[in-house]
Amino acid sequence: MLGRGVPHAILIGGPAGIGKTTLALDLAAGLLCDDADASARPCRACRGCRLVERDRHPDLHRLRPMGPGDQIRIGSRDRPEEGTVRRLAADLVLLPVEGGARVAIVERADRLTDDAQTALLKTLEEPPAGVTIVLCADDEDRLMPTVRSRAARIRLGPVAVRDVEAILADAEAAEPAVAARLARLSGGRPGSALLLARAPDAVAARDEIARIVLDLLSASASARLAAARDLTARATELGRALDRAGLSATAGDDAIGTGRSRRGPGVRGPGGARSPSAASEPVAAEDAAADANDAGTEAEAPGLTASAAERRRAVGTVVAVWREVARDLAVAALGAERQLRDPALLDDLRSAGATLPGGAVEAIGRFLGRLDTAGELLEANVRPELILDSLLLGWPTAVAP
């Protein structure tokens, strides 16, 4: 698999859940493999391959976002903390434990702070001998041009639906009918499909959000605004279900099941949003919000006790699901039902489409643009409640019977 002249830095880009970390781990296995035949690496059987498989190889270093801000930080200068760029750089200058290559995988590298990218750039420009650095990024544009230019680039795209179904079948993650639906919902992202397969509660919450959105087509302005709490509550449930599935699974953040175990925390939500694009929040905050829901008190409702990051994540999840529903509504209105992302909602889509006025497809198209803008505003830290209210009021309105 691997020949000579492997680049010292590789940037793997593509949507969340597409398999970037899986590919990075395969590259690491190939570089750390003990097989004498370079063309046979990774052999999957030697000590090096087995250690990579178990995420225990001493010469494999993994860096991922940590903490409430969901970022990768630069770290202190004198005593850099675990999970920081300076700590990684300090580790990479040491001699390899196994006597061969060393590999560093930076997961979700687009979450590197500017200072962290600047610090990493020094290592990319003058890497220690025998070191290969693999950057995995959902959004390559967030990386500095100088960082991108120092790495060989690989871009991963969506996988065919049938192939995603086969991956789910190989992993024994879902029954055929469920696998077929999840493959479509994932948008060709095997990692997202596997995560949804492990989190049926997340799929149920997603379905509730989709149906609420469709029902709002015929709702008054006041009813739409009142639905914001319900939407964010369902989105919070969806995120927590994905978190639980991600923490309990042996798969990594972006890893896809290929019959080999993967380790490492982190999850993505459906639809690519961070979300369906998103890291675990602190357990303490999550438990406190869960207790509030169970208590059912007005003052402790979701959105009032949740942190800013949790509220932003919930609205991001709503936006992601809404985008898929709006797209399917337009597709159904055009009579291209074979192209639906979620055929399970076909009856609901037909009923909703029948209530829309002429020119509905164009109106939905414009609203899809608003959803894209909403995602950008969330990234810019605009208050999520304002974004959601604007979307609720801008959603096309059904014709009164």
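# A tour from strand to core

Start with strand S2, residues 60-63. Leu 60 and Arg 62 point one way from the strand, while His 61 and Leu 63 point the other way. All four are buried. In a regular strand, side chains alternate between the two faces of the sheet. Keep in mind throughout that this is a predicted model.

Now add strand S3, residues 102-106. S2 and S3 run parallel, and four bridges join them. Which residue of S3 is the bridge partner of Arg 62? Select Ile 105 to see that partner.

**The cysteines**

Next, select Cys 33 and Cys 43. How far is the sulfur of Cys 33 from the closest cysteine sulfur? The distance is 3.6 Å, to the sulfur of Cys 43. That is too far for a bond, because a disulfide needs the two sulfur atoms within 2.5 Å. The disulfide count for the model is zero. Cys 33 is buried, with a relative accessible area of 7%. Move on to Cys 136. This cysteine is buried too, at 1%.

**An arginine in helix H10**

Select helix H10, residues 221-248, and find Arg 234 in it. Is Arg 234 buried or exposed? Its relative accessibility is 15%, so Arg 234 counts as buried. Show its side chain. One polar contact goes to the side chain of Asp 230, at 2.3 Å. Another reaches the side chain of Glu 237, at 2.6 Å. Now look past the residues up to four places away in sequence. There Arg 234 touches Ala 205, Glu 208, Ile 209 and Ile 212.

**The aromatic cluster**

The model has three aromatic pairs. Select Trp 322 and Phe 367 for one of them: the ring centres are 5.2 Å apart and the planes stand at 50°, so this pair is tilted. Trp 322 lies in helix H12 (residues 308-333) and Phe 367 in helix H14 (residues 360-379), so the pair ties together parts that are 45 residues apart in sequence. Trp 322 has 0% relative accessibility and counts as buried. Phe 367, at 2%, counts as buried as well.

Keep Trp 322 on screen and add Trp 395. These two form an edge-to-face pair, 5.5 Å centre to centre with 80° between the planes. Trp 395 sits in the segment after helix H15 (384-394), so its pairing with Trp 322 in H12 ties together parts that are 73 residues apart in sequence. Both tryptophans are buried. Show all the rings together: Trp 322, Phe 367 and Trp 395 form one aromatic cluster.

**The nonpolar cores**

Zoom out to the largest nonpolar core, which has 60 residues. Which residues have the most contacts inside it? They are Leu 168, Leu 231, Trp 322, Leu 329, Leu 391 and Trp 395. Helix H12 gives the most to this core, with 12 residues.

Pick Leu 329 next. Set aside its neighbours within four places in sequence. Leu 329 is then in contact with Leu 214, Leu 217, Leu 349, Ala 352, Gly 353, Leu 356, Ile 364 and Trp 395.

For the last stop, leave this core behind. Another core of 23 residues lies apart from it. Select Leu 92, Ala 119, Ala 137 and Val 147, which are among its members.

Methods:
Residues are numbered from 1 along each chain as its sequence is written. This is a predicted model: local features need pLDDT of at least 70, side-chain atom pairs count only at pLDDT 80 or more; totals for chains, interfaces and linings use all residues. Side-chain values use heavy atoms; hydrogens and water are left out. Buried means under 20% relative accessible area, exposed over 50%, partly exposed in between (1.4 Å probe, protein chains only). Helices (H or I, at least four residues) and strands (E, at least two) are DSSP runs, numbered from the N terminus. Two strands pair if DSSP finds at least two bridges between them. Rings of Phe, Tyr and Trp (its six-membered ring) pair if their centres lie within 6.5 Å; planes under 30 degrees apart count as stacked, over 60 as edge-to-face and the rest as tilted. A polar contact is a pair of N or O atoms within 3.5 Å; within protein, one must be able to donate a hydrogen and the other to accept it, and residues adjacent in sequence count only if both atoms are side-chain atoms. Contact means heavy atoms within 4.5 Å. A nonpolar core is a set of buried Ala, Val, Leu, Ile, Met, Phe, Trp, Tyr and Cys residues joined through side-chain atoms within 4.5 Å.
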